[in-house]
Each structure stands twice: as C-alpha cells, then as structure tokens.
Amino acid sequence: MKLKTALIATVAFMFLSGVMAGADQLSDLKTQVESLEQKVEGLESKQKEQDLTLEKVPEIVESVEGLRSQPSAREVVSQAMGNQATIGGHFKFYLADQARGDVNDQSQHNSFSMGISELWLYVNKSVTDWLQITVAPEIAVMAEATPSLGGEITRSNSSSMDVDLDEAFMTVRLPGMFELKVGAFYPLFCEEYATKSWWHEQYHNNNGLVTLQAMQSTGLELYRNFDFENFSLPMSFSLVNGESRGLDQDSRFTDNNSAKTAMLHLAPEFFVAEGRLRMLGSAGYGRWDNEGDYDAYQWAAGFEYTRSSLSLSSEYLLRWREALPLTGGGTEDGEDKGWYAKVKYSYNTKVRFVLKYSDVDLWATSTSALLTDNYKTVSLAGGWWVTDSSTIIPQIEYVDAERSNSQITLKYTRYTLGWRTTF
C-alpha cells in the first residue's frame, strides 16, 4: 500500500504541474496509473506468496533431513546382498607348456601342450556380523607334466580330474580385534604359500620349494594385528593336526594320533629407508607317528623389503621328523630344508616381473638310509595384468636336481604361458 500511495502522489504532482495539458493527456495519464496499480497489486501478491513459502521452509528442511536418514538404494541392495552367499574362485590354465632336458644324462622332452590346471571355487556366507563360513572345493586336472627326480620328462596322453576340498572353515570375529579360524585351512607356516601371494607372480612355484613350503591341515588359528606408533605386529597361533609329507596317512582332515601341532607365526612390519620392511618367522612342534611317540618340528625365518616399484624377499625353512621309516626296515631322522630369494619389479600397474631362486633338500627313503633330493631352481616370470585380478604369465624355469648316493639326476628347462584369474 505504501508503494501505491507514493505512486498516486507522484502522478498528482505531475498533474498539477501540467495544468496546461490537454484532455487527451489526462486520459493517457489515467491509463498509465491504472496499469501501474495492476503491477503493484501483482507485486504485493507475489510478496504474500513468498512470505507463505518462507513459513514452510522449516517443514521442508525437516522433510529433507528425514529423507537423508533413510537408507539409500545402494545401502538397501548391499543389505539384501549381505544376506546371500557370495561365490568367487581362481581359474588356472595354460596356453603353452613344454619341458626339455636330461634324465640321468639321457635327453627327453614332453609334448607342447595347452590345458587346464586347476579351478578353485570359494563360497562365502556371513551367518552374522561376527561369524562367516568359507568353503573352497578344488577341481584339479592330473596330467603329470611336472618332472621330478626318479621320474621321466613326460606328459600323459590322457588326463583325469580330481575333486578335493581345499579349504572349509568358519571365521569368528572376537572381542579385542581377535579373529579365530576353525576348520580346514592353510596354517601360517610359510606366509608366501599360506596367503597364496605367489599365485599371480608365477604360474608354477619353484620345483622342490613348493614341497617344503606346503602345509594344509585342520584345527584352529587365532590371529591378531597389534599396531604401535612406529611398527605393527601381526601374529597368529595355530593348533592343528599336522601333516606328514611322503607317508601313508593324510592328516589334513583327520589325525593318526592325539598329539597336535602348535605353531606361532610373527610378521613385524617397520617403515625404514623410505620403504617397508617385514620380518617373517614361524616355529611349530608336534608328534607325527601313529602312537604319538616321535617328535616333529619346523621353523622358518626371513624378510621382505619393499620400496617403490622394487621388492626383495628371502626365507629359510626347515621341517624335521624323528624316526622316519626305511623301506628295508629300521628308522632314521630326516629333514626338509632350504631357502629362496625373490626379486619383484613393477614396471607399471600392468606389467611386472619376478626372478626367484631356490635351493632345497628333501628327504627320500631307501632300503637302508634316507637319501637327499636336492633341487636348485631358478624361475623368471612376467606378469601382464589384463585386469586387476586376471594375469597372463609367461614363465621360464630351469631345474638342476640330483639324488645323493645315486646316479639319479634331472636337468630341464620348462617354458609356460599361463593365465590366472581370480573372480
């Protein structure tokens, strides 16, 4: 209204100052006044609407906050998926594989071949927020292509499939950030093997070394990572059935005696010289024979240093068994022992290289004494990461092996173009 009054006063003043104007001018002025009055009324109406809108702002804000408090579509889907089991796996096959060399100084080779090595399936289900189950069946294709001392460099003309249960365990999240694994799994003896970290680095692990590193069993494993100001200390303690290489019993899922293997694994990590240094150590003790009378112990010590695109690691491992049986009768203490050194270089996020050397002694039974199979192996492998979880791996491996107190020797070079995919 104030705006309307001021407008009328202004027009009146113009009218008084122009008394000499004609009637037609007065008519025009009247028309302009009416037009201006309509515009003023329109502005006042809009102002009232704005006032009402401002009064509703708190209600709108409250409504928006209510919507924000509701779960998003992504969260709803995640919650729904959390109630379902997830299925993943690891698929391993080769596009080319051939070995050429000498067995007891006689030249041999196997066929140039393509094929499938193994498929692991991982089924995971979160039962609750603190309990999860994992089951991993393995389908392996047996073609006997890896040469070993006492055998030939050959490849079977036919293959067979073996279905096994690789892992099956429950994971329990406990108070104090402890995690308990119960069931059949890979105990943390050699971390490289137990965590499967070498799977996307090499298609074949070094011959001889894989036997020394391998450990699968049934039991429980308690894990906890302790964080300090300047370093962290991951550690695990396991109590498992144990496993006896090269003997009749398979103690992965059952045991031949009441004695269990207790093992401690430590991996303290420090940041030094602009890089990351990890110390690796394991120690375990148990009994291996049917009566539970004979001792068995194992230990490992090593390190891993990573700086920028380069990584260096090495580890020494030993597994000792008391009173191993001889084929001719009697017993003798035996041990598997050896070491490896590995260099990894990442050219970029897609291309990586691994050079790995190992020297391993494995016991081999005979009629009157335990013999020693020595494997010296050097592997050079490249890795082209076609995706974040799929790697094409060209690898060349040279093996020089011999059995003590015998004429048995093995020397060969193996060429492989493999492909590993985790999904």
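What percentage of the 423 residues in the chain is buried? The share is 38%. The model shown in these views is predicted.

**View 1. The whole chain holds five helices and 18 strands.** Buried residues account for 38% of its 423 residues. Take the contacts between residues at least 6 apart in sequence: 57% of them join residues at least 24 apart. The chain exposes about 24,000 Å². Carbon and sulfur atoms supply 59% of that area.

**View 2. The largest nonpolar core contains 32 residues.** Seven of its members touch the most others: I153, F189, L317, Y375, A401, L410 and Y412. Several elements give two or more residues to this core. The strands are strand 1 (86–103), strand 3 (113–128), strand 15, strand 17 (390–403) and strand 18 (409–422). The helices are helix 4 (191–194) and helix 5 (209–213). In soluble globular proteins, nonpolar side chains tend to be buried together.

**View 3. I153 has contacts in several parts of the sequence.** Its neighbours within four places in sequence are left aside here. I153 then contacts A99, R100, G101, D102 and V103. It also contacts Q108, H109, N110 and P147. L410, K411 and Y412 complete the list. Two of these partners, L410 and Y412, are, like I153, among the core members that touch the most others.

**View 4. A second core is separate from the largest one.** This core has six residues. W288, A296, W363 and L370 are among them.

**View 5. The largest cavity holds about 140 Å³ of space.** A search of the whole structure finds one cavity of 30 Å³ or more. Of the 19 lining residues, G242, E243, T261, A296 and R321 are the closest to the centre. A296 also belongs to the second nonpolar core. Strand 11 (275–287), strand 12 and strand 13 each give two or more residues to the lining. Strand 11 gives the most, with four. By class, the lining has five nonpolar, nine polar and five charged residues.

**View 6. The second largest pocket has a volume of about 400 Å³.** It is lined by 24 residues. S197, E201, K344, R352 and W385 are the closest to its centre. Five strands give two or more residues each to this lining. They are strand 12 (295–307), strand 13 (310–325), strand 14 (331–346), strand 15 (351–364) and strand 16 (371–387). The lining divides into seven nonpolar, 11 polar and six charged residues. Strand 12 and strand 13 thus appear in this view and in the cavity view.

Definitions and conventions
Residues are numbered from 1 along each chain as its sequence is written. This is a predicted model: local features need pLDDT of at least 70, side-chain atom pairs count only at pLDDT 80 or more; totals for chains, interfaces and linings use all residues. Side-chain values use heavy atoms; hydrogens and water are left out. On a 1 Å grid over the protein atoms alone, a cavity is a set of points where a 1.4 Å probe fits but cannot get out, and a pocket is an open set with protein on both sides within 12 Å along at least five of seven lines; lining residues have an atom within 4 Å of a point. Grid points are joined across faces, edges and corners, and a volume is the space filled by probe spheres set on the points. Ala, Val, Leu, Ile, Met, Phe, Trp, Tyr, Cys and Pro count as nonpolar, Asp, Glu, Lys and Arg as charged, and the others, Gly among them, as polar. Buried means under 20% relative accessible area, exposed over 50%, partly exposed in between (1.4 Å probe, protein chains only). Contact means heavy atoms within 4.5 Å. Accessible areas come from the Shrake-Rupley method with a 1.4 Å probe; for residues, only the protein chains shown count as cover. A nonpolar core is a set of buried Ala, Val, Leu, Ile, Met, Phe, Trp, Tyr and Cys residues joined through side-chain atoms within 4.5 Å.
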